[in-house]
Amino acid sequence: MSHPMTLPSAPACAERWRRAFPGEPDQARAARRFAAALLAGCPELDDVLLTVDELVVNALRHTKSGRPGGAFTVEIARWDGAVAVAVTDEGAPSEPAVADATADAESGRGLRTVSLLASGWGWFGNDRSRTVAALFSASQTYALTRLDE
């Protein structure tokens, strides 16, 4: 079972960027290029780019963002060696959850991969709009926290 999570606010000194993308499969590549251009020199860049890709692909496959006319937004924040990435989609009736894919499964490993790469990850939202976020190289001060704690 997954738990809704939220990222605490990044400090005021954080650099922030946000870009909307059409909900089309080729936009995963565009989202990676967007993140790569902003985070050049980041020591966690490969992990961040893989996470952006996984979150965007999940938004396109599992939410209304992947339907004709759909869209999603990628947001990036960077501060004091920490990077947060978030993808906001158009929602779905199911909740994002880490799955245990079988060895021969062609999909089902995205959020497991994100959970292993990031310092933490989480989501908030509903069937109309949902944000899935991941945090990298963060101090304990900025760790993800459960909403129900």
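A residue is called buried here when its relative accessible area is under 20%, and exposed when that area is over 50%. The legends below describe a predicted model.

**View 1. The buried and exposed faces of helix 1.** In helix 1, the residues Gln27, Ala28, Ala30, Ala31, Phe34 and Ala35 are buried. Looking down the axis of helix 1, one finds these buried residues within an arc of 160°, so they line one face of the helix. An α-helix has 3.6 residues a turn, so residues three or four places apart point the same way. On the face of helix 1 turned away from the buried side sit Arg33 and Ala37, both of which are exposed. The cover over the buried residues of helix 1 includes strand 2 (15-22), helix 2 (45-62) and strand 3 (71-79).

**View 2. The length of helix 1.** Helix 1 comprises 12 residues (residues 27-38), and because each residue is taken to contribute 1.5 Å, the helix should span 16 Å; the C-alpha atoms at its ends are 17 Å apart, which agrees.

**View 3. The open sheet and the helix that packs on it.** The sheet is open and is formed by 5 strands in the order 2-3-4-6-5, with antiparallel pairing. Strand 2 and strand 5 (120-125) are the edge strands, each of them pairing on one side only. On average, and with direction ignored, neighbouring strands of this sheet are turned by 15° against each other. Helix 1 packs on the sheet, where it touches strand 2 and strand 3, and the direction of helix 1 makes about 165° with that of strand 2.

**View 4. The pairing of strand 3 with strand 4.** Strand 3 and strand 4 (residues 82-89) run antiparallel and are joined by 7 bridges. Thr73 has Thr88, in strand 4, as its bridge partner.

**View 5. The aromatic cluster of Phe21, Phe34 and Phe72.** The structure holds 2 aromatic pairs. One of them is formed by Phe21 and Phe34, whose rings are edge-to-face, with 6.0 Å from centre to centre and 70° between the planes. This pair links distant parts of the chain, since Phe21 belongs to strand 2 and Phe34 to helix 1, 13 residues apart. Phe21 and Phe72 form a stacked aromatic pair, with 5.2 Å from centre to centre and 10° between the planes. Phe21 lies in strand 2 and Phe72 in strand 3, so this pair ties together parts that are 51 residues apart in sequence. Phe21 counts as buried because its relative accessibility is 1%, and Phe72 is likewise buried, with a relative accessible area of 1%. Together, Phe21, Phe34 and Phe72 form one aromatic cluster.

Methods: Residues are numbered from 1 along each chain as its sequence is written. This is a predicted model: local features need pLDDT of at least 70, side-chain atom pairs count only at pLDDT 80 or more; totals for chains, interfaces and linings use all residues. Side-chain values use heavy atoms; hydrogens and water are left out. Helices (H or I, at least four residues) and strands (E, at least two) are DSSP runs, numbered from the N terminus. The expected span of a helix is 1.5 Å times one less than its number of residues. Buried means under 20% relative accessible area, exposed over 50%, partly exposed in between (1.4 Å probe, protein chains only). The arc is that of the directions from the helix axis to the C-beta atoms. Contact means heavy atoms within 4.5 Å. Two strands pair if DSSP finds at least two bridges between them. Axes are lines fitted to C-alpha atoms, for helices over the stretch in contact, and angles run from 0 to 180 degrees between N-to-C directions. Rings of Phe, Tyr and Trp (its six-membered ring) pair if their centres lie within 6.5 Å; planes under 30 degrees apart count as stacked, over 60 as edge-to-face and the rest as tilted.
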